[in-house]
Number of protein chains: 2
Amino acid sequence: MDDRLSRVFAALADPTRRDLVARLTDGDAGVGELAERYDMSLQAVSKHLKVLEGAGLVSRSRDGQRRPVHLEAEVLDLMTKWIQRYRQRAEERFDRLDDVLAAMDDHGDHEQRGAAS
Amino acid sequence: MDDRLSRVFAALADPTRRDLVARLTDGDAGVGELAERYDMSLQAVSKHLKVLEGAGLVSRSRDGQRRPVHLEAEVLDLMTKWIQRYRQRAEERFDRLDDVLAAMDDHGDHEQRGAAS
DNA sequence: GACTCGTTCAACCAAATGGTTGACAACGAA
DNA sequence: TTCGTTGTCAACCATTTGGTTGAACGAGTC
């Protein structure tokens with residue numbers, strides 16, 4: 001789990017962190033402000049934010065003694081790209097299946113694995 | 001980590017499992033066949049497949065002594081939906097920012113947090 | 001300087017994760 | 001029925017994860 005994509009997926013595998021992302025679409029917020037919504041310690045929320053930050057989903061600046069958390073939404077596109085790539089490949093294969101089956105009937109070659117690859 | 005979405009994200013947080021998904025877009029395959037590509041035991045791959053199955057990303061049927069693994073690509077749409085929902089919300093807020101800033105200049109109210117929420 | 005607020009760091013803990021090896025189950029073939 | 005092939009189950013281990021508490025830090029305020 002060291003590449004970028006793995007970190008992004010792992011970050012969003014936690015419901016609390018997904019909720020944080022959802023909340024941050026409403027605008028930047030401080031850690032304490034965010035922590036109010038959850039039944040866990042401030043430190044735990046801070047840890048979650050560090051994971052999101054490590055994945056590049058979130059950035060933090062300094063504003064006095066506050067550390068406002070900002071959503072970097074473009075990173076989400078990275079995931080969408082990966083997902084859609086294989087989603088589409090699977091779809092295409094599914095669409096081709098009818099043709100393949102028809103071709104198999106034509107010359108009587110019913111080797112399944114050949115059809116799938 | 002018990003809800004569906006969490007399981008799907010967590011499943012794809014591992015590079016091996018993402019590669020398995022990628023491979024399966026080429027068509028169904030047996031466990032041993034899949035395991036050849038990785039520098040790990042057959043049992044380890046079997047475990048990975050169980051995780052993918054738990055997330056609903058993969059299903060297995062019985063064909064003689066083989067257990068062909070099949071990709072259930074529609075589940076990927078579940079993720080895309082979640083991602084795009086918040087991706088879009090973030091985008092919209094970003095688009096509105098100019099208007100908000102203009103309004104703030106109008107009546108001289110420069111409270112940042114108000115602008116962001 | 002002393003105090004408070006918002007946040008982070010450090011140590012600790014239980015549970016989950018990702019891998020290993022060894023045994024065994026299910027099926028087809030000899 | 002015995003054998004090889006294909007895959008799962010069980011026990012074990014090291015590391016990571018998600019949470020806790022307590023101490024400390026940085027920046028304004030008194």
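Q: Where does A:D2 lie in chain A, and does A:D2 count as buried or exposed?

A: In this predicted model, A:D2 belongs to the segment before α1 of chain A. A residue is exposed if 12 or fewer other C-beta atoms lie within 10 Å of its own. A:D2 has 6 C-beta neighbours inside 10 Å and therefore counts as exposed. From C-alpha to C-alpha, A:D2 and A:V58 are 17 Å apart in space, with their positions 56 residues apart in sequence.

Q: In which loop is A:D28 found, and is A:D28 buried or exposed?

A: The threshold for a buried residue is 20 or more other C-beta atoms within 10 Å. A:D28 sits in the loop between α2 and α3 (31-35) of chain A. A:D28 is buried because 21 other C-beta atoms lie within 10 Å. Its C-alpha atom is separated by 22 Å from that of A:M79, a residue 51 places away along the chain.

Q: How many other C-beta atoms lie within 10 Å of A:V45, and which residues does A:V45 touch beyond those up to four places away in sequence?

A: A:V45 is part of helix α4 of chain A. The count for A:V45 is 21 other C-beta atoms within 10 Å, so this residue is buried. Setting aside residues up to four places away in sequence, A:V45 touches A:V31, A:L34, A:A35, A:Y38 and A:M40. The C-alpha atoms of A:V45 and A:L20 are separated by 9.1 Å, although the two are 25 residues apart along the chain.

Q: How is an intermediate case read, and what is the burial class of A:T16?

A: Counts between the two cut-offs are classed as partly exposed. A:T16, in helix α2 of chain A, is partly exposed because 15 other C-beta atoms lie within 10 Å. A:T16 touches A:Y38 and A:H48, when residues up to four places away in sequence are not counted. For A:T16 and A:Y38, which are 22 residues apart along the chain, the C-alpha separation is 8.1 Å.

Q: At what angle do α2(A) and α4(A) pack, and which residues meet there?

A: A helix pair is described by the angle and the distance between the two axes. For α2(A) and helix α4 (residues 42-54) of chain A, the angle is about 75° and the axes are 10 Å apart. Angles of 65 to 115 degrees count as roughly perpendicular, and the two helices are therefore roughly perpendicular to each other. From α2(A), the residues A:T16, A:R17 and A:L20 meet A:H48, A:L49, A:V51 and A:L52 of α4(A). This contact comprises four nonpolar, two polar and one charged residues.

Q: What is the packing of α2 and α4 in chain B?

A: Helix α2 (residues 15-24) and helix α4 (residues 42-54) of chain B pack at an angle of about 75°, with their axes 10 Å apart. That angle makes α2(B) roughly perpendicular to α4(B). On the α2(B) side are B:T16, B:R17 and B:L20, which meet B:H48, B:L49, B:V51 and B:L52 in α4(B). By class, the residues of this contact are four nonpolar, two polar and one charged.

Q: How many residues does each chain give to the contact between chains A and B, and which helix of chain A supplies the largest share?

A: An interface may be read by its size, by the elements that supply it and by its residue classes. Chain A gives 31 residues and chain B gives 31 residues. On the side of chain A, α1 (4-12), α2 (15-24) and α5 (75-107) each supply at least two residues. The largest share, twelve residues, comes from α5(A). By class, this side of chain A has 16 nonpolar, six polar and nine charged residues.

Q: Which members of the largest nonpolar core touch the most other members?

A: The core has 44 residues, and A:F9, A:L57, B:F9 and B:L57 touch the most other members. Apart from neighbours within four places in sequence, B:F9 is in contact with A:F9, A:L12, A:A13 and B:M79.

Q: What is the overall secondary structure of chain A, and what is its average pLDDT?

A: Chain A has six helices and two strands, in the order α-α-α-α-β-β-α-α from the N terminus on. Of its 117 residues, 23% are buried. The average pLDDT of chain A is 84, and 79% of the residues score at least 70. Over residues 104-117 of chain A, however, the pLDDT is below 50. Where pLDDT is low, the predicted coordinates should not be read in detail.

Methods
Residues numbered from 1 in each chain as written. Chains lettered and ligands numbered in written order. Predicted model: local features only at pLDDT ≥ 70, side-chain atom pairs only at ≥ 80, totals over all residues. pLDDT = per-residue confidence, 0-100. Contact = placed C-beta atoms within 7 Å. Helix = DSSP H or I, 4+ residues; strand = E, 2+ residues; numbered from the N terminus. Nonpolar A, V, L, I, M, F, W, Y, C, P; charged D, E, K, R; others polar. Axes fitted to C-alpha atoms, helices over the stretch in contact; angles between N-to-C directions. Parallel < 35°, antiparallel > 145°, perpendicular 65-115°, else oblique. Core = buried A, V, L, I, M, F, W, Y, C linked by C-beta atoms within 7 Å.
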